[in-house]
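Hi everyone, thanks for making the time this morning. I'd like to walk you through a few spots in one model, so let's get it up on the screen.

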Amino acid sequence: MRAGRARPLRAADMKKDVRILLVGEPRVGKTSLIMSLVSEEFPEEVPPRAEEITIPADVTPERVPTHIVDYSEAEQSDEQLHQEISQANVICIVYAVNNKHSIDKVTSRWIPLINERTDKDSRLPLILVGNKSDLVEYSSMETILPIMNQYTEIETCVECSAKNLKNISELFYYAQKAVLHPTGPLYCPEEKEMKPACIKALTRIFKISDQDNDGTLNDAELNFFQRICFNTPLAPQALEDVKNVVRKHISDGVADSGLTLKGFLFLHTLFIQRGRHETTWTVLRRFGYDDDLDLTPEYLFPLLKIPPDCTTELNHHAYLFLQSTFDKHDLDRDCALSPDELKDLFKVFPYIPWGPDVNNTVCTNERGWITYQGFLSQWTLTTYLDVQRCLEYLGYLGYSILTEQESQASAITVTRDKKIDLQKKQTQRNVFRCNVIGMKNCGKSGVLQALLGRNLMRQKKIRDDHKSYYAINTVYVYGQEKYLLLHDISESEFLTEAEIICDVVCLVYDVSNPKSFEYCARIFKQHFMDSRIPCLIVAAKSDLHEVKQDYSISPADFCRKHKMPPPQAFTCNTADAPSKDIFVKLTTMAMYPEDHYRDRLSRDTGNPDRIENLRKIWVFLKTAFHARLRCMCTCNRCTFCICQNFLNSDLLQSVKNKIFTAVINRLRARVAEWGAMLLADDEGSITHQVHAVSSVEDSIFMESSHGPLFLEARHVTQADLKSSTFWLRASFGATVFAVLGFAMYRALLKQR
């Protein structure tokens, strides 16, 4: 690693400008130094005090505007001096090399005066300036060095001459450098080693850069580090030179052809000792540190606008980064993070971000270690509930550096307004929130843990102080992977607005407690009866003896009355993992809330199977042209293959068979009824009976975008039976023709 050409620092990396104040005894040449810098020649007439000078950013080496302020004891009061000290970023104490009195005043007056006006923990950097070096043939450094060793806030000492223009530009460069790249936070001159805060920051940077987590920076990792910090790749010979320098000074600085942490820290100590501390500061600021070696708010919390009714999710790139982070720390490759592996992952954090409740919020293995799926789920949960905290955590992991993005905000997807999803009757969201509501001890915790695949026996091992009010896991709906987030809402008489906002509601009651259902019914009527939020009632503890609920109507009748699905029996008292049927239903209702709302308005409660089949057909048709179906000719897109897969799908064949069976059974029943009526009627003539054909109704259900379509067949004869079959086939053929036409239209549109 070498200093190279530092990359341009961002606005957040450095100060907006630098203010330099020159102080010292009268007639030591403060004003002459400023005027010589500006005019590049020694002034014949020197005023008592120079006006404030502003040097534009494009003129200075560090590309930062610089203000130079002169002090005159004759023209300014002590109060004005104190004000100037408080506004300065760096102070140059000027003395005359040929004037011992002015040198003594550096320690007897100026340094104590400045320290009194500044905070002890944030001393202003000082530059000692020995002017008029052209008048003597000796150096004042022997006198100044003890002073520099005594006061750590002194950055450096420069001997110069305003008359000969000696070291004038260097003086102000060092002053500017003392502000932008201060030595104080990095290095302790007395002990000749880096300060603990600097070591801690560089250790975090090393661990982030060690992408394979083997304890060394190999050539590829060193090159990546060099490129992102200095925009300059390292040649192979330069890499070897760096390693040789480290090997020469410390024995364990290089291992397995890679730079160890000790070697990495040694290099930066060497840079600082040789006055190249701007190299270390460039690295620190690239990784988000400020002058106090704290991560800046701009780095940890980049701006992210979230409109109302929108949610936050991780995008594909963020999941890839988290996957690589998991693999980096899963050293034993068991697809789970042990406590030691998790602790190693969090070494780049200033604190441990996850508590013991996380193990009961996401999936774990039999040993209680967070699995790969659980790891991603926890990050998904944090992003959904507290996106600012997620941005902070990604910042600690170095997301923006390793992915070479502007900030962590690029890892977040802000979903569109939920109202737009309802209007378009489709959603782009991947995370759905379900509020689980019910009386205390009704089985809500069992529902949450069942989502994680834990039966009652495993749930009994959970400590009370480790319980979680959240559970999140993936659920598959029509082949799509979605996250279902369950939130246990504490029992209360009235729910707050925050407790109402969700995508779907799960109302849980205990079948063995007669007073349990009444609470669910009351909450439903108070908050959800007139809302568009879909609700599902779950009859928990269904393995126990069911008792009659102390309510005016039964749960089944309540659901029928309010056009809801019937109560779903559920138990987690099983030998294996509990059933996930209710979670699939909840996720489906959250994905298609408008379909559920429409069902509540016009649901044929006598035929729940038919409604379910219709919904499957509807969803299949809506997603047929958005899914990448298995293709017969491997093109995965052509109209022929899409339609062939559609026509040959098990779902379509099953629906077609059910429709034919329903029609024929209905017609047979009507024919038998008509024949029985003929035999029973003794008074009517056969001729009259033949011509007086009874009206026969038959309902053939066809899926359309407007709901069920009923066709009535009125004359039941053999010819009518054939006619009904004909029209059924014709209608079915029309549907297929429409599908083919739409597919061809899309194919032609893509070609254009």
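Let's begin at strand β6, residues 154-159, which is mostly covered, with 5 of its 6 residues buried. Please keep in mind throughout that this is a predicted model. So what does β6 pair with? Its partner is strand β5, residues 126-131, and the two run in the parallel sense over 5 bridges. If you want one bridge to click on, take glycine 130, whose bridge partner in β6 is glutamate 159. Now bring in helix α4, residues 141-150: β5, α4 and β6 together make a right-handed β-α-β unit.

Next, please move along to helix α18, residues 444-451. This helix is mostly covered too, and 7 of its 8 residues are buried. Which ones are they? The buried residues are Lys444, Gly446, Val447, Leu448, Gln449, Ala450 and Leu451, and yes, that list does include a lysine. What covers them? The cover includes strands β16 (431-437), β17 (470-477), β18 (480-489) and β19 (504-510), along with helices α19 (456-459) and α23 (581-591). After α18 comes glycine 453, with a positive phi near 80°.

Now for the aromatic rings. The count here comes to 24 aromatic pairs. Take phenylalanine 375 and tryptophan 379: their ring centres are 6.4 Å apart and their planes sit at 65°, and because an angle over 60 counts as edge-to-face, that is what we call this pair. Why are these two about one helical turn apart? Both belong to helix α14, residues 372-385, and they are 4 residues apart in it, so about one turn separates them. As a general reminder, an α-helix has 3.6 residues a turn, so residues three or four places apart point the same way. Both phenylalanine 375 and tryptophan 379 are buried.

A second pair to look at is tyrosine 509 with phenylalanine 517. Here the ring centres are 5.2 Å apart with the planes at 75°, so this pair is edge-to-face as well. Are these residues buried or exposed? Tyrosine 509 has 2% relative accessibility, so it counts as buried, and phenylalanine 517, at 0%, counts as buried too.

Let's zoom out a little. Phe375 and Trp379 also belong to a cluster linked by ring pairs, and its other members are Phe326, Phe346, Phe349, Tyr351, Trp354, Tyr372, Tyr393 and Tyr396.

One last stop: arginine 109 lies over the face of tryptophan 110, at 4.2 Å from the ring centre. Thanks for listening, and I'm happy to go back to any of these spots.

How values were computed. Residues numbered from 1 in each chain as written. Predicted model: local features only at pLDDT ≥ 70, side-chain atom pairs only at ≥ 80, totals over all residues. Heavy atoms only, no water. Phe/Tyr/Trp six-rings, centres within 6.5 Å; stacked < 30°, edge-to-face > 60°. Buried < 20%, exposed > 50% of the residue type's maximum accessible area, 1.4 Å probe, protein only. Lys NZ or Arg CZ within 6 Å of the ring centre and 35° of its normal. Contact = heavy atoms within 4.5 Å. Pairing = 2+ DSSP bridges. Right-handed = clockwise from strand over helix to strand, strands pointing away.
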